[in-house]
Each structure stands twice: as structure tokens, then as C-alpha cells.
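Here is a friendly walk through the model you have in front of you. Please keep the viewer open while you read.

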Number of protein chains: 2
Amino acid sequence: MGITKTDLFSAEQNEMARILKAMGHPARVAILEYLDSVNACICGDIVSELPLAQPTISQHLRELKNAGLIKGNVEGNTICYCIDETAIGKIREYFAHFKVCDKQGEINWCNVKVK
Amino acid sequence: MGITKTDLFSAEQNEMARILKAMGHPARVAILEYLDSVNACICGDIVSELPLAQPTISQHLRELKNAGLIKGNVEGNTICYCIDETAIGKIREYFAHFKVCDKQGEINWCNVKVK
DNA sequence: TTTTAATATTGCAATATTACGATAAACTTT
DNA sequence: AAAGTTTATCGTAATATTGCAATATTAAAA
């Protein structure tokens, strides 16, 4: 197939998967890190920064934007991109809710009875 | 192509992308949430829990394991899976380092001069 | 030892992703 | 207006992912 059955999962699960999937590529990780370091920049700066062709960068930027991770602002000829901090906040909050069992690894780490 | 040029990026960027990509699917998000809620369980429990066929679940579990997000322990006939908290910690730490510009959106949100 | 149970692997069809050259679109400068 | 600049889109080839039926594997149970 190759098609993800999104209808089988909750809206929250699908949204988190979409956001994380968008970050699931080293080029997009690098773009976000760069945007974080410079606050904001135009597309051309990223093209100069990363060793990928301009259409490839443009495509990655579109995916990041579709997932809500970045925002793009048209300024005349150029487009100024920056991180959408709402998405970063969502990721932080999501992973904050995972339990941390400090007994993990002590006894039989995979013992269901360990609460 | 369809092939990711991992050689162009740092080991850290590739590792983070690998981890996040593994979570970039609603089924794998659901699996992690379930594992978090029950601490640990055998594969069959996940198969019963999720509306996907057993081979599909097995495949998703392998991807989560390859990315370091879960651990699997063979116990006789069954395999007991649980979250590897090291990976969760890595994700938390990674996103904690992103700057949060509280001036975002105030003036021109995409003004590079906003520090 | 045969049967049953749990999980992994294989094989495959459908679809998605990645990367980029070529080109288009839109704005700026000359 | 013409030429240059910046970014997006199109088209395409190579590869990856998703999902599952069928089957293999391994251990437990009968």
C-alpha cells in the first residue's frame, strides 16, 4: 500500500505524527536549527547554508510549513521564514506527559508488575 | 530518488531525525502512548489494542526498536515491550534548547532584527 | 511429540518521499 | 520595458513506506 490509515487513529495522534514526521528528516532538522539560531531569514539564506538544491529546500520548507512548524512571510521579492513556536510548544508538552519510571532497569525492567 | 542524503548532515541531526521519524506515524504514536499507559506489555496486547494486522504491528515495533524508542525482552514465548526512556529524554532535551522569543508576533514577527 | 500460541519474516502491491533540472511566477532594479 | 532576483512548481527517476496474507520460527502446552 504505502498509505497511512489515519482514520483509525485520533485527531491528536494524527496531528502529533504529522508534526514529528515533518521533523523526521535531517535536512528539516537542520533547517529548524538554523532558523532557531538566526531567529528568521529568507529562503535563500537556507539554500546557501545547506548542501541541497534550491527546489529541494523549497520542498522541505513547504512540508515544515504544512505541519505548522514554520511560518513564512512574503516581503516583496523574498519570503522570510521563522519557527512557529506553537508547534515547538506542542512537542514539548506532548513529551512532558510521558511517565518516567525511575525503577526502570532495576529489577526486571520489563516486568509488567512494576508500577 | 527517494534516498535521504544523510552524509550531508551531522550525526546529531541524523539521530534526531531518525528518532522523530520513527514517531512520525499515528500507529507508532498510538503504540508509544499505550506502552506509556501500561508500562509494559507483550506484542499481542498491542495487536488487540490497535486496529491493524499483526504483521503490521510487528513492523512498527521493529521500527520503534531500531530507533531506540522501545526495548523488547524475550520471555519464553512472548516478547515484552516497553518504552526506552533514554530516547524520550533525548527528545525532551533537544526541544528544550529551542529558543522561545516572547516578542514573536508583537512587531513584525519576521523581522530579523528582533533579538 | 503433536498441537497450539506468539511473534517475526517474506513477498508483494499501492502509495509516498526524496532530490533535482527545467521552468514558471512575481517582484525589483536598471 | 528589459533584465535580474527570489522562490515555487512541474516532471521525473530512484527509493522508501505502508499494510497485509502467507508463511516461518520458536517456545509452551497437551
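In chain B, strand β2 (residues 70-75) runs antiparallel to β3(B), and six bridges join the two. Helices and strands here are DSSP runs, numbered from the N terminus: helices are H or I with at least four residues, strands are E with at least two. Two strands count as paired if DSSP finds at least two bridges between them. Within this pair, Gly72(B) has Tyr81(B) as its bridge partner in β3(B), and Lys71(B) stands opposite Cys82(B). A hairpin is formed by β2(B) and β3(B), with two residues between them. In its turn, Gly76(B) has a positive phi of about 65 degrees.

A word on the basis of all this: the model is predicted, so local features need pLDDT of at least 70 and side-chain atom pairs count only at pLDDT 80 or more, while totals for chains, interfaces and linings use all residues. Residues are numbered from 1 along each chain as its sequence is written, chains are lettered from A and ligands numbered from 1 in the order in which they are written, and side-chain values use heavy atoms, with hydrogens and water left out.

**The two sheets**

What else does β3(B) pair with? Strand β1 (residues 40-42) of chain B is joined to β3(B) by three bridges, again antiparallel. Ala40(B) stands opposite Cys82(B) there. The result in chain B is an open sheet of three strands in the order β1-β3-β2, with antiparallel pairing. Its edge strands, β1 and β2 of chain B, each pair on one side only. The twist averages 25 degrees from one strand to the next; axes are lines fitted to C-alpha atoms, for helices over the stretch in contact, and angles run from 0 to 180 degrees between N-to-C directions. Helix α4(B) lies across β2 and β3 of chain B and runs at about 115 degrees to β2(B). Contact means heavy atoms within 4.5 Å.

Chain A also has an open sheet of three strands, ordered β1-β3-β2 with antiparallel pairing. Here β1 (40-42) and β2 (70-75) of chain A are the edge strands, each pairing on one side only. Neighbouring strands of this sheet are turned by 25 degrees against each other on average, direction ignored. Six bridges join β2(A) to β3 (residues 78-83) of chain A, an antiparallel pair, and Gly72(A) has Tyr81(A) as its bridge partner in β3(A).

**Around DNA strand C**

Which residues come nearest to DNA strand C? Of the 30 residues around DNA strand C, they are Met1(A), Gly2(B), Gly44(B), Gln54(B) and Tyr81(B). A residue is near a strand if one of its heavy atoms lies within 4 Å of it. Sugar and phosphate account for 56% of the atoms of DNA strand C that come within 4 Å of the protein.

At least two residues each of the surface near DNA strand C come from α4 (54-66) of chain A and from α3 (43-49), α4 (54-66) and β3 (78-83) of chain B. The helix that gives the most is α4(A), with five residues. By class, this surface has 11 nonpolar, 14 polar and five charged residues. In this grouping Ala, Val, Leu, Ile, Met, Phe, Trp, Tyr, Cys and Pro are nonpolar, Asp, Glu, Lys and Arg are charged, and the others, Gly among them, are polar.

**Around DNA strand D**

DNA strand D is surrounded by 31 residues, of which Met1(A), Gly2(A), Gly44(A), Tyr81(A) and Met1(B) are the closest. Sugar or phosphate holds 56% of the atoms of DNA strand D within 4 Å of the protein, and the rest belong to bases. For the surface near DNA strand D, α4(B) gives the most, with five residues. The classes are 12 nonpolar, 14 polar and five charged residues.

**Polar contacts with the DNA**

The table lists some pairs of N or O atoms within 3.5 Å, the cut-off for a polar contact.

| Residue | Protein atom | DNA atom | Distance |
|---|---|---|---|
| Met1(B) | polar backbone atom | base oxygen, strand C | 2.8 Å |
| Arg62(B) | side-chain N or O atom | phosphate oxygen, strand C | 3.3 Å |
| Tyr81(B) | polar side-chain atom | phosphate oxygen, strand C | 2.5 Å |
| Lys5(A) | polar backbone atom | phosphate oxygen, strand D | 2.8 Å |
| Gln54(A) | polar side-chain atom | base nitrogen, strand D | 2.7 Å |
| Lys21(B) | side-chain N or O atom | phosphate oxygen, strand D | 2.8 Å |

How values were computed:
A polar contact is a pair of N or O atoms within 3.5 Å; within protein, one must be able to donate a hydrogen and the other to accept it, and residues adjacent in sequence count only if both atoms are side-chain atoms.
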